[in-house]
Amino acid sequence: MIKKAVKATWDGINFSRRLVVNIIFIAIIIAIIASISSDDNEILVPDGSVLTLNLNGYLVEQKRYVDPLDAALAESMGGSDEPAEILVDDVVAVINNAAKDARIEAMLLNVQNLGGAHINKLDAIAQAIDEFKAQGKPVIASGYYYTQSQYYLAAHADEINLHPYGGVSIEGFGVYPVYFKDALDKLKITQHVFRVGTFKSAVEPLIRNDMSQAAKEANKEWLSHLWTQYKDEVAALRGFEKTNFDETLDSYLAKLETVDGNSAEYALKYGWVDALKNNQQLREQLIDLVGLDEEGKSFRQIGFNDYLASFKLPVSFDNPMTEKVAVIVAKGTIVDGHRKAGEIGGDSTAALLREARNDDMVKAVVLRIDSGGGSMFASELIRREVIALKEAGKPVIASMGSVAASGGYWIASAANEIWAAPSTITGSIGVFGTIMTFENSAAQLGIHSDGVATTELKGSSILLGLNDKMAQAIQMSVENAYKRFLEVVSQSRGLSVEEVDEIAQGRVWIATQAKELGLVDKLGDKQEAIEAAAALASLKHYDVKLIEQSLSAQDIFIQNLFGSATIKSLISAKAPHSASVGAAMQFDNLVQQVQSQVATLKTFNDPEGIYARCLVCAVTD
């Protein structure tokens with residue numbers, strides 16, 4: 001009775017909440033209709049202004065779905081705890097549009113609230129910045145403190161300014177998973193792991209307290225390639241030698257000693273920044289460049305979100321008369337069933353591919369992948385739809401983003417061509433299964449399980465443990481799944497099973513290596529993949545159509561009404577002012593890593609309990 005009463009009370013509260021929001025929604029619509037003829041809300045771009053590219057959040061290929069009603073309420077109560085997300089395509093569109101906009105004279109690149117991002121995402125924006133500069137428009141970077149990701153973009157500016165109390169943190173790349181074996185042992189949890197592949201290290205955090213030598217070897221290889229790409233790009237832009245990067249603590253301490261431990265002076269002396277300026281000095285510089293704004297207090301400017309809203313329609317419309325290259329984004333962990341935007345559901349992503357196949361105006365498809373994998377079963381559902389598209393005469397290009405590994409490679413394998421950025425992390429062709437049982441933990445608490453069953457197959461449970469013969473059966477299933485993975489890649493890539501096995505074994509590769517091994521066809525970005533898809537379909541005149549899960553009219557309205565304010569960035573509140581913030585950011589990264597690993601395990605829902613997943617592929621800063 002108490003449970004029913006609590007449930008009824010909660011249902012009543014939930015109903016009231018949505019009723020109030022719907023009333024507000026209707027009131028807002030009436031207010032908008034009443035003022036529709038007014039130009040008061042029109043966003044004006046001042047002539048001769050600076051585009052302030054104030055990026056606040058994490059760069060993503062696709063934003064995760066957020067219930068607009070919940071987001072609106074969260075914002076009214078001080079904001080959500082979820083970090084903000086910024087579409088890479090939106091940033092590129094803003095810069096490209098501003099490059100051609102006569103009203104924009106310069107760009108202020110303000111990246112101090114930009115979260116971590118893979119080189120692949122940063123490079124797409126960096127190319128747009130270079131095009132902006134090519135129009136004769138200066139780019140000035142400003143920050144209190146530059147992380148490694150932030151600095152990659154700042155290096156493309158004509159001038160890098162740093163606050164006199166700030167610093168630059170460039171530490172290289174690394175993967176440091178959190179290992180739980182001792183914790184599981186202390187809790188007396190029995191971990192049953194089934195895997196194939198010498199380098200399939202996704203389950204190591206559950207069965208070890210450290211990284212295996214094989215995993216260290218593989219990870220060191222691709223991390224070194226990624227680090228070389230970063231150094232080559234930045235050194236060329238800044239005009240110094242790659243030896244300027246500190247790779248040993250002795251070198252760093254010796255150079256820091258020459259400036260008496262002053263991080264800002266260190267950055268200036270060794271060429272990482274061009275000038276040390278506080279906010280007032282930077283403001284005066286920009287006022288001298290473009291003049292005062294209408295209020296006479298600052299320089300003429302328009303921010304990223306306002307400028308985006310000035311030209312981007314809230315709802316996209318397709319021209320029904322033009323042929324299309326469809327783009328479908330597969331971002332996140334691959335799980336079974338239906339998932340909202342920002343995640344990959346076997347059924348929901350397959351449905352998007354099927355929509356492209358059934359659309360007569362869609363002549364080719366680009367499957368944009370940013371995923372470390374997940375459910376093998378869900379991956380296969382998606383792969384079969386890729387094959388169905390090809391059988392329907394519609395070529396498919398798999399365009400790999402930051403990562404397309406394990407299950408991410410599985411869904412890419414069937415495409416006509418696989419394109420990847422040089423920095424893409426891919427491969428990890430291997431599978432695993434894992435089961436936790438709690439017979440020892442329960443016994444410690446005085447909890448036991450016993451009973452009878454009609455077959456021996458029913459003799460295992462989380463409280464009874466796992467029968468040795470059942471464990472043998474599961475291992476056989478995992479080995480069979482690995483064999484199928486090899487065959488899938490073999491058939492698609494024109495390699496023998498033995499050749500695939502030699503480069504598989506769960507090993508992660510950087511795309512430049514993957515191309516040499518035959519796992520990737522060409523190196524290029526998403527736009528180049530779109531052009532390649534059009535060429536395969538013999539299209540000369542076409543539109544690009546993004547196929548994604550549709551929202552209701554009310555959802556679209558509320559999302560556009562509240563815009564980026566619906567999700568408040570965790571990092572915006574930090575506003576780092578000195579190098580001491582680096583330790584706090586590293587701690588946050590550790591917490592996020594633990595949360596990420598636990599969250600990933602919680603999403604595992606493959607019907608057969610077999611996964612193609614890479615847990616060390618999420619490298620940003």
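## A parallel sheet and its surroundings

In strand E5, Val139 is the bridge partner of Met107. That pair is a handy place to start a tour of this predicted model. The chain gets from E4 to E5 by way of helix H4 (residues 119-134), making a right-handed β-α-β crossover. The strands E4 and E5 run parallel and are joined by four bridges.

### Strands of the sheet

Let us widen the view to the sheet itself. Six strands form an open sheet with parallel pairing, in the order E8-E6-E5-E4-E1-E9. Strand E8 (275-276) and strand E9 (301-303) are at the edges, and each has a single partner strand, so one side of each lacks a neighbour in the sheet.

Moving from E5 towards E8, strand E5 (residues 139-146) and strand E6 (residues 159-168) run parallel, with six bridges joining them. Along this pairing, Gly143 has Leu162 in E6 as its bridge partner. Between these two strands the chain again makes a right-handed β-α-β crossover, here through helix H5 (residues 148-154). Tyr146, too, faces E6, standing opposite Val168.

One step further, E6 pairs with E8 in the parallel sense over two bridges. Leu162 takes part here as well, standing opposite Leu276 in E8.

The pairings described so far can be set side by side:

| Strand pair | Bridges | Sense |
|---|---|---|
| E4 and E5 | four bridges | parallel |
| E5 and E6 | six bridges | parallel |
| E6 and E8 | two bridges | parallel |

How many of the residues of E5 are buried? Eight of its eight residues are, so to speak, under cover: E5 is mostly covered and each of the eight counts as buried. For E6, seven of the ten residues are buried, so this strand is largely enclosed by the rest of the structure.

### A helix across the sheet

Helix H3 (residues 88-100) lies across strand E1 (49-54) and strand E4 (104-110), and runs at about 165 degrees to E1. Another helix, H12 (residues 304-311), contains Leu308. Is Leu308 buried or exposed? Leu308 is buried, because its relative accessible area of 11% falls under the 20% cut-off. Beyond neighbours within four places in sequence, Leu308 is in contact with Asp90 and Val94. Leu308 and Asn97 are 211 residues apart along the chain, while their C-alpha atoms are separated by 9.1 Å.

### Nonpolar cores

Which residues touch the most other members of the largest nonpolar core? They are Leu53, Tyr146, Tyr151, Leu153, Tyr230 and Trp272, in a core of 73 residues. Helix H8 (residues 213-238) supplies the largest share of this core, with eight residues. A second core lies apart from it and has 55 residues, including Ile474, Val478, Val500 and Ala514.

Leu153 is worth a look in the viewer. Not counting residues up to four places away in sequence, Leu153 touches Leu55, Leu109, Val111, Leu114, Leu122, Ile125, Ala126 and Ile129.

### A partly exposed helix residue

Glu499 is found in helix H18 (residues 497-503). With a relative accessible area of 41%, Glu499 is partly exposed, because that value lies between the 20% and 50% cut-offs. The C-alpha atoms of Glu499 and Leu486, 13 residues apart along the chain, have a separation of 9.2 Å.

### The chain as a whole

Stepping back, the protein chain holds 22 helices and 22 strands. Of its 621 residues, 48% are buried. Among contacts with a separation of 6 or more, 78% are between residues 24 or more positions apart. The accessible surface of the protein chain is about 30000 Å², and carbon and sulfur atoms account for 53% of that surface.

Notes. Residues numbered from 1 in each chain as written. Predicted model: local features only at pLDDT ≥ 70, side-chain atom pairs only at ≥ 80, totals over all residues. Heavy atoms only, no water. Pairing = 2+ DSSP bridges. Contact = heavy atoms within 4.5 Å. Axes fitted to C-alpha atoms, helices over the stretch in contact; angles between N-to-C directions. Core = buried A, V, L, I, M, F, W, Y, C linked by side-chain atoms within 4.5 Å. Buried < 20%, exposed > 50% of the residue type's maximum accessible area, 1.4 Å probe, protein only. Areas by Shrake-Rupley, 256 points an atom, 1.4 Å probe, with all protein chains shown as cover. Right-handed = clockwise from strand over helix to strand, strands pointing away.
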